[in-house]
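Visitor: Could you take me through one part of this model up close? I'd like to hear which way the side chains point, what sits alongside, and where the rings come in.

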Amino acid sequence: MTEIVPLTRSQRTHRAEPAAALEDVTTVHGFADDFDAVLDDTSVHRSTIGCVIPAYNEEESIAQVIGGLLAQTRVPDVIHVVVNNSSDATVRIASQYAGAHEIVTELGEQFTEVFVHDIGKNPDKKVGALNYGYTLVEGYDFLLGVDGDTVADAKAVEYLESEATSDSRIGGISAIYSIDEKPIKGAIAKFLITGQRAQFAAFNMHNLLRGRNMAVLGGQFSIFSTQALRDVMKENHQSTPWVKDSEVEDSLLSLQIKSAGYLTKISPFARADVGGMTTLRALDAQQVKWTYGAIELMWPGQRGDTKGQPFHPNLRVRWLENFGMLTNLFVRVAFVALLAGSLSLGAFVFSPWWLLPPVVAIALNTRMALTMQDRTARDLLFAVTLVPAEVYMWLRLSYFARSWTRFLSRKKVDNWAMQAKAERGGGFGHWTPLIVVVAVVVAMAVIWSMLGPMVQSTILWIGWPIVGVVTVLQTLSMFFKLIRRQHGYKV
């Protein structure tokens, strides 16, 4: 295990600071004694924030992440970069920021110190890195968890701290997440990022309109009360806040914080750009991991000793999400199958009423795009033209089906490892849905051709009304979302 500690006086004097760390902030090296003296002289209580950045092969983004934290109007009191299982230059790049910093912001002079810890090979991966970081900051009032590819707006920490200190019932607050699409190159990558931006926007707005109650305090950029974390550990007989009982460790912790009697909130002001998935392979692995982990929480007892709380307030949202995806899957597959069957018999009769659901969907997608604070022309085109949004929905449906299939098969896989492999360009699992679709289409076509005209007509006579009723209900649901007041929130 290698730990990179703050640089010596001599090293600080002769080492040039990286440009990213100095942009828009004034950085003057200080020392631990100076930091302690400032705290001793402070007459008004000021909450303390310890920041933990779990980092795994983040050489491309770690400099921007640390630089973004040093550029905050409210700088964390200490920043611990916990590098685990990495094989790239993350440690070397992060270590250039190690040491004490005196920073002048609009809130006045602030001091922080950056530490870089290389904990080497860690079987618990991100969970292990988070727990290692927690032991370093458990004496602070708040723990700020930041992913190694997340860059926040300059006032994000200030907004999170302000709300967290205003109400002792709050156990954690998450920022509003989006993805910066400006650095993205390539048509497919831009399409995938636009889809993820729309997905984040819908998720954020849903939580904001639920009284700003956040179902998942995402590990990308969230602040936690350390008292709430201690209560979670005590109530659940855990030695650490994060446990391996779920592959979505942030969802499980959020559930436990809520169960301990605390509020889990989303800030209407704090914002952060997270790392997006720019390939089909990587997006498939990430979304399957998220959905699979959520299913494990909804269907307790699958991993470790997770409590059976399927109707927990945080999990009710998960059930609704999965029911919505199941409805979307049924309507689309059934419509395509019935349409093909009707055309084969020359029995399809077009009705203008079938245009109503797409029109409502376009209106809803467009309204959601207009609520995005940093929307682009691509976001609006994605919503207005419908086709890109529909293609992205089919991708999400394939991930949904894969997650449930994997879960119901009882096949144990390391979804973290599969995501890491996919982000490196390995694996072919993302082609599985396409292969399955082709096989199903061929099988259905063969079976359809073997049925007699009477049976075919009966299937159409029963199938179309069912699809029609479900589509009407789904359209009404979209319409009510469309006319719902959004109280001026921007995502």
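Guide: Phe221, Ile223 and Ser225 point one way from strand 10, while Ser222 and Phe224 point the other way, and all of them are buried. This is a predicted model, by the way. Strand 10 covers residues 221-225, and five of its five residues are buried, so it counts as mostly covered.

Now for the neighbours. Strand 7 (residues 142-146) pairs with strand 10 in the antiparallel sense, over five bridges. If you want a spot to click on there, Phe142 has Ser225 of strand 10 as its bridge partner. Strand 9 also pairs with strand 10, again in the antiparallel sense, this time over three bridges. For that pairing, look at Gly172, which stands opposite Phe224 in strand 10.

Stay with strand 9 for a moment and the rings come in. By the ring-centre rule, the model has 13 aromatic pairs. One of them is Tyr177 with Phe200, an edge-to-face pair at 6.5 Å centre to centre and 70 degrees between the planes. Tyr177 belongs to strand 9 (residues 170-178) and Phe200 to helix 8 (residues 187-208), so this pair ties together parts that are 23 residues apart in sequence. Both Tyr177 and Phe200 are buried.

Helix 8 brings in another ring as well. Phe191 and Tyr392 make an edge-to-face pair, with 6.4 Å centre to centre and 80 degrees between the planes. Here Phe191 sits in helix 8 and Tyr392 in helix 15 (residues 387-408), so the parts tied together are 201 residues apart in sequence. As for cover, Phe191 has a relative accessible area of 23%, which means it counts as partly exposed. Tyr392 has a relative accessible area of 4%, so it is buried. The cut-off behind those two labels is that buried means under 20%.

Elsewhere, ring pairs also link Phe335, Phe348, Trp354 and Trp464 into a cluster.

For something out on the surface, try helix 17 (residues 432-450), where you'll find Ile435. Its relative accessibility is 58%, so Ile435 counts as exposed. Ile435 helps make a nonpolar surface patch of about 720 Å², along with Trp431, Leu434, Val438, Val442, Val446 and Met450.

Notes:
Residues numbered from 1 in each chain as written. Heavy atoms only, no water. Patch = residues over 30% accessible without salt bridge, like charges linked within 9 Å, V, L, I, M, F, W, Y side chains within 5 Å. Areas by Shrake-Rupley, 256 points an atom, 1.4 Å probe, with all protein chains shown as cover. Salt bridge = Lys/Arg side-chain N within 4 Å of Asp/Glu carboxyl O. Helix = DSSP H or I, 4+ residues; strand = E, 2+ residues; numbered from the N terminus. Buried < 20%, exposed > 50% of the residue type's maximum accessible area, 1.4 Å probe, protein only. Phe/Tyr/Trp six-rings, centres within 6.5 Å; stacked < 30°, edge-to-face > 60°. Pairing = 2+ DSSP bridges.
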